[in-house]
Amino acid sequence: QVQLVESGGGLVQPGGSLRLSCAASGNIFTINDMGWYRQAPGKQREWVTNIYSSGDTNYADSVRGRFTISRDNAKNTVFLQMNSLKPEDTAVYYCNADITHVARSRTTYWGQGTQVTVSS
């Protein structure tokens with residue numbers, strides 16, 4: 001019913017920057033909370049950051065001050081600006097969105113993931 005399509009991953013050197021995007025489409029009445037998670041090889045998926053419809057944000061300690069989440073409500077899109085990247089930021093990054101459908105039911109959706117590799 002809803003698709004989340006991510007883009008913007010890739011290979012970057014330590015200290016570099018990347019910007020991820022995640023666009024939602026489909027049966028959407030409103031998008032509530034949106035966020036980013038990541039999963040490194042051999043590790044569990046971990047929460048990175050989230051943003052409420054109000055614009056309030058939260059960040060994991062490991063990325064605070066380096067990553068910035070934002071959203072464009074008109075385009076149903078969430079962004080993740082990642083600066084000062086470190087090798088330990090290497091992971092598959094997933095967006096998720098808490099969506100209220102037209103019929104007022106509510107579901108959380110996940111994107112397919114985009115690879116971010118930080119290496120020299």
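Q: What percentage of the 120 residues of the protein chain count as buried?
A: The model is a predicted one. A residue counts as buried when its relative accessible area is under 20%. Of the 120 residues in the protein chain, the share that meets this condition is 43%.

Q: How many helices and how many strands does the protein chain have?
A: Read from the N terminus on, the elements run β-β-β-β-β-β-β-β-β-β-β. The count for the protein chain is therefore 0 helices and 11 strands.

Q: Which radius of gyration does the protein chain have, and what would a compact globule with 120 residues have?
A: The C-alpha atoms fill a box of roughly 50 × 25 × 25 Å along the principal axes. For 120 residues, a compact globule would have a radius of gyration near 14 Å. The value for the protein chain agrees with this, because it is 14 Å.

Q: What share of the area exposed by the protein chain do carbon and sulfur atoms supply?
A: The protein chain exposes about 6,200 Å². Of this area, carbon and sulfur atoms supply 47%.

Q: How far apart are the mean positions of the positive and negative charges of the protein chain?
A: The protein chain carries 11 positive and 9 negative charges. The mean position of each set is taken, and the two are apart by 2 Å.

Q: Which residues does the disulfide join?
A: A disulfide is a covalent bond between the sulfur atoms of two cysteines. The structure holds 1 disulfide. Its S to S distance is 1.9 Å, which lies within the cut-off of 2.5 Å. The residues joined are Cys 22 and Cys 95.

Q: How many residues apart are Cys 22 and Cys 95, and in which strands are they?
A: The pair links distant parts of the chain. Cys 22 is in strand S3 (residues 18-26), and Cys 95 is in strand S9 (residues 91-100). They are apart by 73 residues.

Q: Are Cys 22 and Cys 95 buried or exposed?
A: The relative accessible area of Cys 22 is 1%, and that of Cys 95 is 0%. Because buried means under 20%, Cys 22 and Cys 95 are both buried.

Q: Is the disulfide of Cys 22 and Cys 95 right-handed or left-handed?
A: The torsion about the S-S bond of Cys 22 and Cys 95 is about 40°. The disulfide is therefore right-handed.

Q: Is Asn 96 buried or exposed?
A: Asn 96 is found in strand S9. Leaving aside neighbours within four places in sequence, Asn 96 is in contact with residues including Leu 4, Tyr 37 and Trp 110. Its relative accessible area is 12%, so Asn 96 is buried.

Conventions: Residues are numbered from 1 along each chain as its sequence is written. This is a predicted model: local features need pLDDT of at least 70, side-chain atom pairs count only at pLDDT 80 or more; totals for chains, interfaces and linings use all residues. Side-chain values use heavy atoms; hydrogens and water are left out. Helices (H or I, at least four residues) and strands (E, at least two) are DSSP runs, numbered from the N terminus. The radius of gyration is taken over C-alpha atoms; the globule rule is 2.2 Å times the number of residues to the power 0.38. Buried means under 20% relative accessible area, exposed over 50%, partly exposed in between (1.4 Å probe, protein chains only). Accessible areas come from the Shrake-Rupley method with a 1.4 Å probe; for residues, only the protein chains shown count as cover. Lys and Arg count as positive and Asp and Glu as negative; His and the chain ends are not counted. The place of a charge is taken as NZ of Lys, CZ of Arg, CG of Asp or CD of Glu. Contact means heavy atoms within 4.5 Å.
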